[in-house]
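User: I'm new to this one and would like to know what the labels rest on. Could you take me through a few of them?

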Amino acid sequence: MARVLVVDPGIWRRPQRRCGGAAMTGGNAPLAGMRGLPLLGRASERVALHELLNDARRGSGSALVIEGVAGVGKSRLLAEAAGAAEGMTVLAARGLEAEAVLPYAGLADLLAPLLHLLPRIPAARSAALRGALALDLPAGTERFATCAAVLSLLSQAADDHPLVLCIDDVQWLDPPSVEAVVFAARRVAGLAAAVLVTSRADEPAAPALDGLPRLVLGGLDEAAGVELIRRCTGRRTAASVGATLVRATGGNPLALTEVLDLLTDDQLAGRAPIDDPLPIGPAVERAMTRRLRILPASTRQALTVAAAAASADLAPVADAVRRLGGSGIADLEPAEDAGIVTIARAAVEFRHPLLRAAAYQDAPGSLRLAAHRVLAETASGERGADQRAWHLAAAAAGPDEAVAAALEVAATRARRGAGYAVATTTLARAAHLTPDHRRRTRRLLQAARDARLAGRLDQADQLLDQAAEGCDDAGTMLAIDHARGGIRVLAGDPLAGHALLTQAAERVVGSDPSRAAILLAEAAYAVTQCGMTSRAVALARRAASLLPVDGHPDARGQVNLSLAHLLALGGSVAEARPLFDALQPFLEAMDTAENTLALASTAHGRIWLEDYRQADDILARVITASRVRGSFAALSIALLARGDLQYRTGTWHAASADATEAVALASEAQEPVMVAFALLFRARVEAARGEADACHGTVATIRDLTATLPLGSLSGFYPADTLGFLELGTGHPDLAIDHLESVRVFSDAHGWNDPWVTPWLPDLVESYLRLGRLDEGRGLLDRLEELAVSGGRTWTAAVTRRYRGVLADTPAASDEAFVAAVVLHEQTPIPFERARTLLCWGERLRRDRRLADARDRLRQALDTFDRLGARPWAQRAATELAGTGARGHRPAEYGSAGMPSAGLAALTPQETQVALHVAQGLSNPEVAAALFLTRKTVEFHLGNVYRKLGVRTRSQLTHSLSGAAPPA
């Protein structure tokens with residue numbers, strides 16, 4: 001039997017809040033005229049639902065959004081799924097407009113029967129979820145910590161029994177609950193769980209639903225509609241009239257049942273004409289209002305209270321009715337008899353949202369205000385305090401500081417539990433009720449900051465505009481512009497953000513130099529997204545020069561860290577390294593969890609300085625802390641940095657896996673600029689592997705994503721650099737030159753010259769040399785050599801000697817240059833670049849007819865390219881090797897991690913991540929927690945890893961991965 005309490009398959013009720021124990025169904029019910037009727041029509045929809053449930057029972061979970069207009073039967077279809085959930089645990093919740101401002105209210109309903117499983121999930125996740133559901137003090141302020149906890153809890157529950165989650169009217173569910181549910185819905189593929197969500201087509205859907213499968217529910221067909229009419233009325237209805245009504249209403253069951261009450265017997269029988277157009281649409285609501293007005297006055301008053309209530313709990317509604325002079329529950333009985341509400345399990349439910357709206361809107365304004373006042377008096381507990389604040393706000397006739405203050409407290413509670421979207425809405429309402437202008441501005445500013453943390457950048461911008469209106473305080477205006485500048489950068493308009501930040505800095509450069517320095521440091525970061533390295537470094541230098549000697553150490557550390565990062569980006573290694581070294585105590589004292597972004601930025605700077613060990617240590621800290629806290633923004637940046645490190649040091653499959661995860665996390669966090677950067681890095685790996693179609697596709701995605709954003713580095717510089725590298729590797733140096741010369745123009749304009757950060761210059765040198773355009777190649781090589789001397793990096797010096805060896809006039813001079821290059825390569829673990837040097841050396845030796853020496857160099861190069869998966873470069877080396885007369889040479893059989901290269905290359909990015917984590921000794925549940933997956937998904941991927949790599953045990957996998965870069 002299904003582990004679900006079903007009173008009537010035609011009645012869709014909601015679970016009692018904080019119920020616990022066995023799960024119960026919940027949600028809207030159809031109107032009284034449809035109660036108890038079988039579900040008519042919907043054959044294909046029912047088949048789809050039953051298949052989804054059967055897949056979930058087999059452990060292959062999926063999600064479905066059922067979308068349609070009001071009254072089309074979404075809730076009825078959801079009830080059908082609940083009734084068919086044989087052997088499954090049914091979890092249910094329904095969105096209510098009044099509860100959309102209560103963070104995690106919907107999630108509390110949904111998960112109430114599973115809370116006894118909290119001790120079985122990781123402690124950090126359990127603490128995050130307990131804090132979100134007000135079962136304990138909030139555990140942190142990361143948006144996605146609760147999302148990860150929900151996934152862990154559902155995974156545990158699905159181990160015991162298959163699950164079906166039924167969420168009705170998701171458009172009215174509070175935003176943090178929507179985010180958590182959708183996060184889990186995207187990851188149930190390996191779980192014995194189905195997620196069903198209904199959404200009103202005439203209400204704005206939550207953006208989080210994008211990408212989930214959808215079933216658009218239309219009206220009933222003619223046969224089903226006519227049958228519905230026959231069953232709903234005891235009056236004679238002509239067949240032609242029934243067909244006309246179905247066509248006129250579009251088969252909408254609610255419209256059909258309501259229009260019947262508006263027609264006479266003669267009209268139904270076909271003896272009298274029917275109005276054209278039919279009295280539907282707004283008339284449906286009028287018909288509902290007519291049903292309400294025939295009820296006793298005491299019942300209409302009680303319905304107004306129930307409609308105004310922030311929850312379906314019966315006790316506070318009955319108490320409020322009594323405070324207004326009524327009898328309590330008894331006043332609602334006529335409405336229940338009329339099929340307007342249901343009363344069961346200490347809850348009162350309207351049978352349709354339109355009935356609730358009609359009961360509220362048809363009441364006199366004075367009664368609505370009185371209802372909210374008495375409901376505020378009945379509210380108790382912490383969540384009740386939030387409800388009380390909103391009821392007082394609804395009852396306020398004008399600005400009221402006491403009510404605004406209560407809302408501000410509610411917003412603070414939401415923020416502590418990472419309910420930033422709810423905090424935004426609550427503070428915006430508080431600001432509207434605030435009589436003091438300066439206090440109103442302050443609340444709007446904080447609401448904008450919350451909107452930014454919720455990923456709602458457009459809303460944050462609008463709130464800042466409101467805050468700026470009439471702002472007469474210089475300090476507050478500075479904070480507004482500071483926030484606005486940061487939002488512009490996140491939204492992909494870094495030039496606008498840079499302008500706002502620099503203008504704000506200039507206003508306080510004399511009065512508050514430390515604040516000005518921080519603003520300029522942020523402005524410097526903004527212009528790097530446009531590729532303006534020289535400008536960014538100049539701004540960072542000025543920011544550092546403004547710092548007072550006795551200024552706050554945190555401000556000094558923050559500004560100098562930005563300067564060190566940008567100096568490394570611009571190739572000024574001699575300046576950047578001692579600055580990073582001097583900042584080491586500051587970095588070590590940082591709280592990792594609170595400073596993940598700054599530490600990830602530091603790690604990237606260390607990579608550019610070739611300080612790989614330091615970078616790896618920092619990234620281990622950041623990635624571990626970010627995974628535990630569910631900090632997706634910081635984790636995506638850190639994964640991107642680690643991917644860069646792994647690419648350079650020769651673990652390309654791990655690098656690709658990190659880039660793919662960074663794309664997914666940045667997408668979840670709604671950060672399009674970071675998505676584009678992560679895609680760009682993935683394109684670089686695809687180019688190195690010679691995956692031309694994939695690389696071009698990724699670059700096209702980047703350009704589409706950034707088409708409307710003024711991001712020169714993302715829309716032009718980086719993609720052209722990547723495509724040039726691809727063409728060089730695949731044997732088209734002429735096409736490579738076309739791309740790389742456009743990069744050269746951009747670089748000359750903006751000072752993006754460091755060949756270690758973006759290696760366009762060495763690639764352009766080689767492209768000219770391969771085409772025999774030696775003079776142009778020499779000119780660029782001279783420029784590269786100047787940068788190698790000024791930059792002081794081992795790799796740049798090695799690459800310069802590589803091409804000096806290619807151009808040398810004599811074999812002796814060539815050998816001398818190549819030997820020097822290889823010696824330098826040995827000092828820095830960059831196997832791909834060492835192999836490129838050996839390839840060039842082997843080619844030169846072959847031209848000089850020194851075939852035995854050429855074979856040795858070419859074999860080494862070929863083995864390395866094969867281990868890395870650099871197929872076009874391996875093909876080039878193999879062709880050259882064959883030209884030396886080599887016979888019987890086979891490519892290396894083992895990849896860079898000691899595994900068969902074919903198997904290594906066959907792993908998907910997700911399989912690679914799972915394999916790397918397992919190789920570090922993590923259990924399957926620990927891997928699932930780290931990667932925000934279900935345990936079943938980890939088991940599925942691990943099975944594929946074993947099969948593809950030809951191993952049978954975890955110890956064998958660990959041994960085979962001993963050379964791979966370890967995950968944090």
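**What the labels rest on**

Analyst: Happy to. Keep in mind that this is a predicted model. A good place to begin is a pair of strands: strand 6 (residues 341-344) and strand 7 run antiparallel to one another, with 4 bridges between them.

User: What makes strand 6 and strand 7 count as a pair?

Analyst: The cut-off is at least two bridges. Strand 6 and strand 7 have 4 bridges, so they pair. Ala344 sits opposite Ala347 of strand 7. The hairpin they form has 2 residues between the strands, and Arg345 there has a positive phi near 50°.

User: And how do you know that both faces of strand 7 are covered?

Analyst: Side chains in a regular strand alternate between the two faces of the sheet. In strand 7 (residues 347-350), Ala347 and Glu349 lie on one side, Val348 and Phe350 on the other, and all of them are buried.

User: Why is Asn944 called buried?

Analyst: Buried means under 20% relative accessible area. Asn944 comes out at 15%, so it is buried. You'll find Asn944 in helix 47.

User: Which helix meets helix 47, and why is the arrangement called roughly perpendicular?

Analyst: That's helix 45: its axis and that of helix 47 (residues 935-949) come within 9 Å and cross at roughly 90°. Angles of 65 to 115 degrees count as roughly perpendicular, so helix 45 gets that label relative to helix 47. On the helix 45 side, the contact is made by Gln910, Glu911, Val914, Ala915 and Val918. Helix 47 brings Val938, His941, Leu942, Asn944, Val945 and Lys948. Sorted by class, this contact has 6 nonpolar, 3 polar and 2 charged residues.

User: What makes helix 45 largely enclosed?

Analyst: Helix 45 (residues 909-919) has 9 of its 11 residues buried, so the rest of the structure largely encloses it. Among the buried ones are Glu911, Gln913, Leu916 and His917. Just after helix 45 comes Gly921, with a positive phi of about 95°.

User: How do you know that helix 24 is mostly covered?

Analyst: Count the buried residues: 12 of the 16 in helix 24 are buried. They include Ser514, Ile518, Leu519, Leu520, Val527 and Thr528.

User: And what span is expected for helix 24, and what does it reach?

Analyst: At 1.5 Å a residue, 22 Å is expected for helix 24 (residues 513-528). From first C-alpha to last, helix 24 reaches 23 Å, which is close to that.

Definitions and conventions. Residues are numbered from 1 along each chain as its sequence is written. This is a predicted model: local features need pLDDT of at least 70, side-chain atom pairs count only at pLDDT 80 or more; totals for chains, interfaces and linings use all residues. Side-chain values use heavy atoms; hydrogens and water are left out. The expected span of a helix is 1.5 Å times one less than its number of residues. Buried means under 20% relative accessible area, exposed over 50%, partly exposed in between (1.4 Å probe, protein chains only). Axes are lines fitted to C-alpha atoms, for helices over the stretch in contact, and angles run from 0 to 180 degrees between N-to-C directions. Angles under 35 degrees count as roughly parallel, over 145 as roughly antiparallel, 65 to 115 as roughly perpendicular and the rest as oblique. Contact means heavy atoms within 4.5 Å. Ala, Val, Leu, Ile, Met, Phe, Trp, Tyr, Cys and Pro count as nonpolar, Asp, Glu, Lys and Arg as charged, and the others, Gly among them, as polar.
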